[in-house]
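Student: Could you take me through one part of this protein in detail? I'd like to go strand by strand and then look at what is packed inside.

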Amino acid sequence: MKHFLLMLVLVSSTIISAQPNSNLDIKNGSVSGRVIDAELNEPLPYVNIIIKDAANKIITGGITNNDGTFKIENIPEGNVLVSIQFVGYKTLDKSITIGKGNYKVDIGDIKLEEEATGLDEVTIVADVSTIQQKVDRKVITIGKDLQTAGANASEIMNNLPSVSVDQQSGAISLRGNQNVRVMVDGKLSNIPAEQLLKQIPSTSIKSIELITNPSAKYNPEGMSGFINIVLHKNTQIGFNGNINVGLAYDIEPKFNGSIDANYRNGKFNLYGSYSNSVSKNANYGYINRIEQEIQQNFDILNNNKSNLFKAGLDYYLNDKNTISVFTNQNIFDGWTMSNSYINYLTNPTLNETQFANANNENNSQQYNFNYKHDFNEEGHNIELEVDHNIYDGLGDTNNIFFSAQRPNFIEDTDTDRKSTTINLDYVNPLSESTKLELGLEARLFDTDIFYKSDAREQNEAEEYIPTTTSFNYARDIYSAYATYSRTIEKWSYQVGLRAETVTVDSDAFKRDLDSNEELNSVFKNDYFELYPSVFATYSPSEKNSYQLSYSRRIDRPGIGQVNPLPEWNTSLISQFGNPELRPQFTNSVEVNYTRQLEKGSITAGVFYRIIEDEIQQAILIDRADPERLILTNLNFDNTSAYGIELSSNYRPTKWWSINASFDLFSQTQKSLAESFDNGDIVLNTVEVDNMAWNVRAFNNFKVSKSLSFSAFGMYRGKNKNIQFEMSDMLMVNLGMRYSFLEDNRASFSLSYNDIFDTMYAEFNGQRPYVQHGQFNWESQQILGRLSYRFGGGKYRAKSRKQRDNDVKEGGGMF
């Protein structure tokens, strides 16, 4: 950490000191004047005054004072352009000449006129979502149609190309792989992704970026890349905000609501938000072991309550320096009641029922500081960001067995997790066609997990001996990156390299139940890696664009994959992590083609990956009880994956629009699985070739300016993994949206999901036992949602204290 801070200071000093002191080399020309509102004839403070040369390159600039006056000095001789810019007003340009006899120019009063659309345009949400393929990402702009499709981010993810959400666990996957990182406004959160996605109202989302091949500038973790949720920024003047309330019902009720507010005036932008989610979720299903004639039935009820608070402040020191701070505070409380029924058809005396009552509480805190300095040249800046996350979780499970075969036991888990990220980024547009980016980053992660369980000792006294295990996992990453990009006529390219040094230190301490001995398992892994990236784009015309990209990435094991404590237990199966799990590396190549049509666009792409030291699940037989299975993770040999994607947004008529996509991916998975051979346990290497495909289409029908209807259909083909072959899935949803009140400030949406009741998970397995099963959840939900937007920048006395357009994302939900 000390080395990183020293590097950070040295690089910052070098970059800042390397900037030319142009003021020593120019004549002392100046321009002054006053900016006033053309209609009110009152002064406008904090208006941007930008001075450009004959080549339209920014020389210098400033902002007006409280009385609307300004004076910009140190302007070189020659013809210059004075550009007066203010959000909500028409830009006004004046040409002047600085020279002999005219070094101090007073341009007098400048009257700015308001834009006809006013300030409300910054919060306009399109009726129809659009898909745009950029050099390193696919951007889905969320329109009102997708907002109707779901109440939160988790529910609309299944509407996006190449994205899937597991309806039981909430786990998100991209291109069939769950090794994907989820960000909000470019920032990772300590809140579990499946929990976070359910707390973000769909109305707060501006766009979702699928970054499948990130450049060297980005964190290289995640084989599938990043999913970045970009929220609406409230840059309106004065006091503004939004209120959202939603209610869903199938078997159990689900409520969520949010309110966010923003006050912007002068040099300050103050914002805050609150959201909550209160929901009960019912799940049920079965797994039958055919040959052993064992039937397992599950009935699970979750009750989750979460509250998320955010408060932030942007402070504009002057036109070159900005400081931003914010904090997120998340409080989660939930319980799960599950019943597991096991029937032995050949020997009913062994039948048993397991009842588990689990409670889970966790608090997550995020503190973020950002400082940005803009140099004179547009786009030339240096930025420092420090982000600190704290996570505290408590969980306890009471397992009760209604049989004589197994004793009851209680499990308690206490989790403390801290992570700190420090970024220093420097951007220098060397010319109009070239750009250099440099950066340093430190990521410090530490977690402590304490596990305690009561297990009944098999003796006459039936005494209890506590089993305790503690697990500490620390990982420190220091990295530096550089990217260089250039545009040459119809071609553009970017090359980058990221270097990382990683230190991993884990320590598992356990007191053995039988011998009462203390066992200690230590694992260390230090390594250095380089991650190159290359992007190339060719645009022969405005309608056609081709992209080629390559990147090397890493999948570091998640805390659940390395935690040796039991993740969950049932009578017939348990899951544990592997502390000695090594990271896997991925080399990925993508080719994309985008065609702009008269009424829309279409994008087609292919990708190919080579995966080193692949992490996969292993299925082992419990030596203490041959009827029990143990699931864990191991490293395997290299493998490969490939896929194709096709997406389009098209408007056949003025009232009908379609967003559709098709994706196909294939991957060979390897694992170890144990089975019985003549009574002996045999370890086998299993290889599964999985090819799966998905097709989805979202239709929006606009009846009037206020009323629209939507229809969504999705089909997911069969899918294989190491343990099961999943059957195909089909889902059809219907929805409507109605806007009302002045300027459509309020809206009501209603949707009915899975109208044919065809969305469930059915599967078959061959190893280590022949199995058939099915899981169901509350897929047939009816959802109603009411939204209202207040404020809107109509307080003219406040609206004049507005800074420039270059505002950090903020003032929204997160």
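Which residue in β4 is the bridge partner of V31?

Tutor: Keep in mind that this is a predicted model. The partner you want is I72, which bridges to V31 from β4. That pair belongs to a bigger pattern: strand β1 (residues 29–37) and β4 run antiparallel and are joined by five bridges. Now zoom out a little. β1 sits in an open sheet of three strands, in the order β4-β1-β7, and the pairing is mixed. Since β4 (69–75) and β7 (104–112) are the edge strands, each has a single partner, so one side of each is left without a neighbour in the sheet. From one strand to the next, the twist averages 20°.

On to the packing. The largest nonpolar core has 23 residues, and the members touching the most others are M157, I172, I205, I208, I227 and I229. Several elements supply at least two residues each to this core, among them α3 (153–157), β11 (172–174), β14 (205–211) and β15 (225–231). Take I172 as an example: leaving out neighbours within four places in sequence, its contacts include M157, V163, V180, L197 and I227, along with S164 and Q178. There's also a second, separate core of 20 residues, and F70 is in it, as are V47, I49 and Y89.

One last stop is S549, in strand β28 (residues 544–555). With a relative accessible area of 6%, under the 20% cut-off, S549 counts as buried. Not counting residues up to four places away in sequence, S549 touches N213, V534, F535, S588, V589 and E590.

How values were computed
Residues are numbered from 1 along each chain as its sequence is written. This is a predicted model: local features need pLDDT of at least 70, side-chain atom pairs count only at pLDDT 80 or more; totals for chains, interfaces and linings use all residues. Side-chain values use heavy atoms; hydrogens and water are left out. A nonpolar core is a set of buried Ala, Val, Leu, Ile, Met, Phe, Trp, Tyr and Cys residues joined through side-chain atoms within 4.5 Å. Buried means under 20% relative accessible area, exposed over 50%, partly exposed in between (1.4 Å probe, protein chains only). Helices (H or I, at least four residues) and strands (E, at least two) are DSSP runs, numbered from the N terminus. Contact means heavy atoms within 4.5 Å. Two strands pair if DSSP finds at least two bridges between them. Axes are lines fitted to C-alpha atoms, for helices over the stretch in contact, and angles run from 0 to 180 degrees between N-to-C directions.
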